[in-house]
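I opened this entry to record what I looked up in the structure. The notes follow in the order in which I took them.

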Amino acid sequence: MTQTMTTLPGMTRRTWAALLTLAGAAFATVTVELLPAGLLPSMADDLGVSRGSIGLLVTAWALTVAALSLPLERATRRLPRRAVMLGAVVVSAGAAVLAALAPAYGLLVVARIVAAAAHGLLWALLVPYAALIVDERHLGKAVSVVLVGPTAAGIVGVPLGTAAAELVGWRVVLVGAGVLLAVAAVALAKVLPRDTAPAASPEPTGTASAGRDRSLVRVAVTATFSALLLVGHFQVFTYVGPLVTRVAGMEPSALGGVLALFGATGALGLAIAGPLSDRYPRAALPGTAIAFALTVLALTALDTSTAAALVVIAVWGTMIGLLPPIFQATVMRIASPAARGAAGAVVVTALNLGIAAGAASGAWLLENRGADALAPVAGVMMTVAALGLTISAGRGARSRGPRPDGGAPRPALQPARDRRRPR
């Protein structure tokens with residue numbers, strides 16, 4: 001990489017502005033991703049299709065992201081990262097407006113696929129870019145800040161969009177989402193540091209390219225086991241209603257409170273993920289995986305008492321708040337600078353496949369084995385994943401040995417106005 005680089009002594013104001021703007025872009029694009037779940041009845045009635053057909057828009061989105069993130073990252077890897085991200089946000093904005101204007105279901109599907117492709121490319125670059133503008137001491141914190149965006153999308157963006165659709169209709173809401181994405185693009189253009197060269201410049205002789213980079217082997221192993229954790233989580237969480245009512249013996253009316261507790265503790269997990277990852281860069285992911293697996297196994301004992309059930313659910317929420325930022329920060333540390341874009345695409349693919357596979361396998365378990373089987377099967381699967389991550393982290397630590405730079409922090413790309421030459 002040949003960007004102008006300099007060592008940051010800490011998180012400057014402009015670094016914070018860049019990270020918060022990336023979080024804003026993440027908020028906007030994830031809100032667009034999830035909106036059909038809230039707009040489902042009105043969209044189905046207006047377009048004259050079943051509610052299941054509208055629900056498939058979310059599935060099609062996830063599959064598109066999983067299939068195209070890595071190819072699109074590879075196709076654009078020699079272009080400046082900032083410009084590619086801006087282009088992805090602009091395309092997302094246009095696709096949201098196209099979806100709002102769609103006269104029929106077919107065009108709506110096309111618009112969603114285009115938006116999902118742009119979303120996948122953007123998410124392949126968001127975390128690697130955040131890693132680029134901070135030094136390694138603050139990498140975990142930077143990732144956690146960016147991931148505030150998708151968390152806020154689920155808590156704020158989708159509920160507000162759903163409420164607004166009752167007043168102005170789903171098409172106006174999607175136009176508003178497109179405008180929000182356009183604003184995000186303008187903000188990114190103003191605050192992100194400029195690349196002085198494409199992300200993947202020709203490597204010197206004897207240097208491996210990102211496609212042959214050996215660090216991607218460890219990235220793939222880490223992503224595979226982390227995706228397995230997500231499969232286990234979503235096997236259970238997708239069907240948390242039956243788990244709460246049939247296994248824990250709570251009343252159906254308690255589900256809303258349980259989900260509120262889960263969301264609040266998830267936010268707590270996100271808040272502590274950055275400092276935890278920065279303090280224990282190698283141990284944070286395997287430690288979180290072990291705690292996560294034990295927590296899901298503990299769900300098998302939810303019928304002991306309501307208080308115990310709520311404690312386990314609160315810890316469960318904290319674990320899912322911790323996992324995504326710690327996973328992504330770990331991958332950024334594992335990947336070499338030249339391979340971070342590809343690593344980001346691998347992360348996006350793993351996350352989406354984990355979610356899809358978890359929901360699908362959970363449905364099979366629920367139908368064929370009952371709600372009682374969800375937590376035990378998921379817990380065993382997650383225990384295997386935790387063991388794999390622990391072994392991988394141990395091997396990685398032995399293979400890396402002492403850092404050649406004596407442990408100095410990795411230099412970071414600084415926001416443009418922070419790069420001042422001494423006079």
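**Gly256 and its surroundings**

I began with Gly256, which I located in helix α10, spanning residues 255–279. I note that the model is a predicted one. I recorded Gly256 as partly exposed, because its relative accessibility is 46%. I then checked Gly256 against Gly241: the two are 15 residues apart in sequence, and their C-alpha atoms are 9.6 Å apart in space.

**Aromatic pairs**

I next looked up ring contacts and found four aromatic pairs in the structure. One of them joins Phe234 and Phe237 edge-to-face, with 6.4 Å centre to centre and 85 degrees between the planes. Both residues belong to helix α8 (residues 215–237); they are three residues apart, so about one helical turn separates them. I entered Phe234 as buried at 17% relative accessibility, since buried means under 20%. Phe237, with a relative accessible area of 24%, is partly exposed.

Phe237 also pairs with Phe262: the ring centres are 4.8 Å apart and the planes lie at 25 degrees, so I logged this pair as stacked. Because Phe237 is in helix α8 and Phe262 in helix α10, the pair ties together parts 25 residues apart in sequence. Phe262 is buried, at 9% relative accessibility. I noted finally that ring pairs link Phe234, Phe237, Phe262 and Trp316 into a cluster.

**Nonpolar patch**

I last examined a nonpolar surface patch of about 350 Å², made by Val91, Leu98, Leu107, Val110 and Val114. Helices α3 (81–101) and α4 (105–132) each give two or more residues to the patch, and α4 gives the most, with three. Val91 is in helix α3 and is partly exposed at 40% relative accessibility.

How values were computed:
Residues numbered from 1 in each chain as written. Predicted model: local features only at pLDDT ≥ 70, side-chain atom pairs only at ≥ 80, totals over all residues. Heavy atoms only, no water. Helix = DSSP H or I, 4+ residues; strand = E, 2+ residues; numbered from the N terminus. Buried < 20%, exposed > 50% of the residue type's maximum accessible area, 1.4 Å probe, protein only. Patch = residues over 30% accessible without salt bridge, like charges linked within 9 Å, V, L, I, M, F, W, Y side chains within 5 Å. Areas by Shrake-Rupley, 256 points an atom, 1.4 Å probe, with all protein chains shown as cover. Salt bridge = Lys/Arg side-chain N within 4 Å of Asp/Glu carboxyl O. Phe/Tyr/Trp six-rings, centres within 6.5 Å; stacked < 30°, edge-to-face > 60°.
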